[in-house]
Amino acid sequence: MAGILDGRVALVTGATGGIGSAIARRLAETGAAVVVGYHSSENAAVRLLSSLPRGNHIVAEASVADSVGLAGLAERIGKQYGRLDLLVNCAGTTRFVPHPDLDSLDDALIDRIFAVNVRGVIATARAMRELLDRGDAALIVNISSIAGVMAMGSNIAYCASKAAVDNLTKSLARALAPKIRVISVSPGVVDTEFIKGLDQAWRDAQAGRTPLGRLGSPDDVADAVLAAATSLRFSTGVILPVDGGRPLA
Ligand SMILES: NC(=O)c1ccc[n+]([C@@H]2O[C@H](COP(=O)([O-])OP(=O)(O)OC[C@H]3O[C@@H](n4cnc5c(N)ncnc54)[C@H](OP(=O)(O)O)[C@@H]3O)[C@@H](O)[C@H]2O)c1
């Protein structure tokens, strides 16, 4: 696949996270110029940048709850590259709250989850739309989650936020066609910082309930993003599960 994205420009939000960094790396390995978007982890973004294969990559603050900042980022990308071919909305936030414990699911947490996971996807698409329109095969990939379908995950608001992402993938796909395709990549449990609070017994149980017998890896998700960008040329408004068949169990 080396060189398949030569000449393409990609923005990855949440590129400092476990999944986002694997996506940024895969896109760079296959030839794209990557905008490594970070929120609070500037040092991690710079480290990632310096570890990427040679290319016209940059690090940029991409705080998805800050629409003014996103407009500034679009201007910077426009000046530097002239257009955008691929937007990967990977930024996400959550905190573990057992579903029956509604009292711990406070308003501040609910608002933060929706501002980042839902409004952030819409706001980033809105800010980058004009740049995406300039290309000839633009794509938005939204990283949703199996939590949106199964209603199982770190907390009730998180599950609802990911269901919203899958839903708005369909609306955006219709609204932005034919210039821009929009696809959700929907991982099952992936071994990253996101699940660092969970013990080995929980991980083993999750793997045991997955027909393919293991947790997902960030590279599994990165490969799905690459497939969406390179192979699934006639697909839009679809949800692509990357979950080892977990709903079948
Ligand atoms: N891990 C899983 O099991 C799993 C499963 C399904 C779906 N997902 C989804 O995959 C995505 C990445 O998850 P991950 O496992 O890689 O998590 P992670 O390692 O915790 O990374 C989260 C990323 O989101 C960024 N972020 C948080 N708040 C932000 C904001 N306001 N603006 C912009 N960026 C923000 C963080 O940036 P900074 O570090 O710069 O603050 C970080 O890069 C998320 O959308 C998550 O919901 C994860």
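# A tour from the central strands to the ligand

Begin with strand E5, residues 138-143, where 6 of 6 residues are buried; a buried residue has 20 or more other C-beta atoms within 10 Å of its own, an exposed one 12 or fewer, and a partly exposed one a count in between, with C-beta atoms placed from the backbone. Ala138, Ile140 and Asn142 point to one side of E5, Leu139, Val141 and Ile143 point to the other, and all are buried. In a regular strand the side chains alternate between the two faces of the sheet.

Two points of convention apply throughout. Residue numbers start from 1 along each chain as its sequence is written. The model is predicted: local features need pLDDT of at least 70, side-chain atom pairs count only at pLDDT 80 or more, and totals for chains, interfaces and linings use all residues.

**The whole chain**

Zoom out to the full protein, whose secondary structure comes to 8 helices and 7 strands. These elements are DSSP runs numbered from the N terminus, with helices (H or I) of at least four residues and strands (E) of at least two. Along the principal axes, the C-alpha atoms fill a box of roughly 50 × 40 × 40 Å. The radius of gyration is 17 Å, which agrees with the value near 18 Å for a compact globule of 249 residues; the radius is taken over C-alpha atoms, and the globule rule is 2.2 Å times the number of residues to the power 0.38. Of the 249 residues, 46% are buried. Among contacts with a separation of 6 or more, 74% join residues 24 or more positions apart, a contact being two C-beta atoms, placed from the backbone, within 7 Å.

**From E4 to E5**

Select strand E4, residues 86-89, together with E5: the two pair in the parallel sense over 4 bridges. Strands are said to pair if DSSP finds at least two bridges between them. Leu87 has Ile140 of E5 as its bridge partner. Now add helix H4, residues 107-133, through which the chain crosses from E4 to E5 in a right-handed β-α-β crossover. Right-handed here means that, with the strands pointing away from the viewer, the path from the first strand over the helix to the second runs clockwise.

**E6 and its other neighbour**

Next select strand E6, residues 180-187, which pairs with E5 in the parallel sense over 6 bridges. Val141 is bridged to Ile183 of E6, and Ile143 to Val185. Because 8 of the 8 residues of E6 are buried, the strand is largely enclosed by the rest of the structure. Ile180, Val182, Ser184 and Ser186 lie on one side of E6, and Arg181, Ile183, Val185 and Pro187 on the other. Strand E7, residues 238-242, runs parallel to E6 and is joined to E6 by 5 bridges; Leu240 of E7 is the bridge partner of Val185.

Stay in E6 and pick Arg181. Arg181 is buried, with 25 other C-beta atoms within 10 Å. Leaving out residues up to four places away in sequence, Arg181 touches Leu139, Ala173 and Thr236. A distance from its C-alpha atom to that of Gly237 gives 7.3 Å, although the two residues are 56 apart along the chain.

**Two backbone features**

Most residues other than glycine have a negative phi, and most peptide bonds are trans. Pro178, in the loop between helix H6 (156-176) and E6, is joined to Ala177 by a cis peptide bond with omega of about 5°. Ala151, in the loop between helix H5 (147-150) and H6, has a positive phi of about 55°. Ala151 is partly exposed, with 13 other C-beta atoms within 10 Å.

**Leu215**

Move to Leu215, in the loop between helix H7 (200-208) and helix H8 (218-230). Leu215 counts as buried, with 21 C-beta neighbours inside 10 Å. Beyond its neighbours within four places in sequence, Leu215 contacts Val189, Val190, Asp191, Arg203, Gln206 and Ala207.

**The ligand**

Finish at the ligand, surrounded by 29 residues, of which the closest are Gly14, Gly17, Ala91, Gly92 and Phe194. A residue is near the molecule if its C-beta atom, placed from the backbone, lies within 6 Å. Helix H1, residues 18-29, gives the most to this shell, with 3 residues. The shell divides into 14 nonpolar, 14 polar and 1 charged; Ala, Val, Leu, Ile, Met, Phe, Trp, Tyr, Cys and Pro count as nonpolar, Asp, Glu, Lys and Arg as charged, and the others, Gly among them, as polar.
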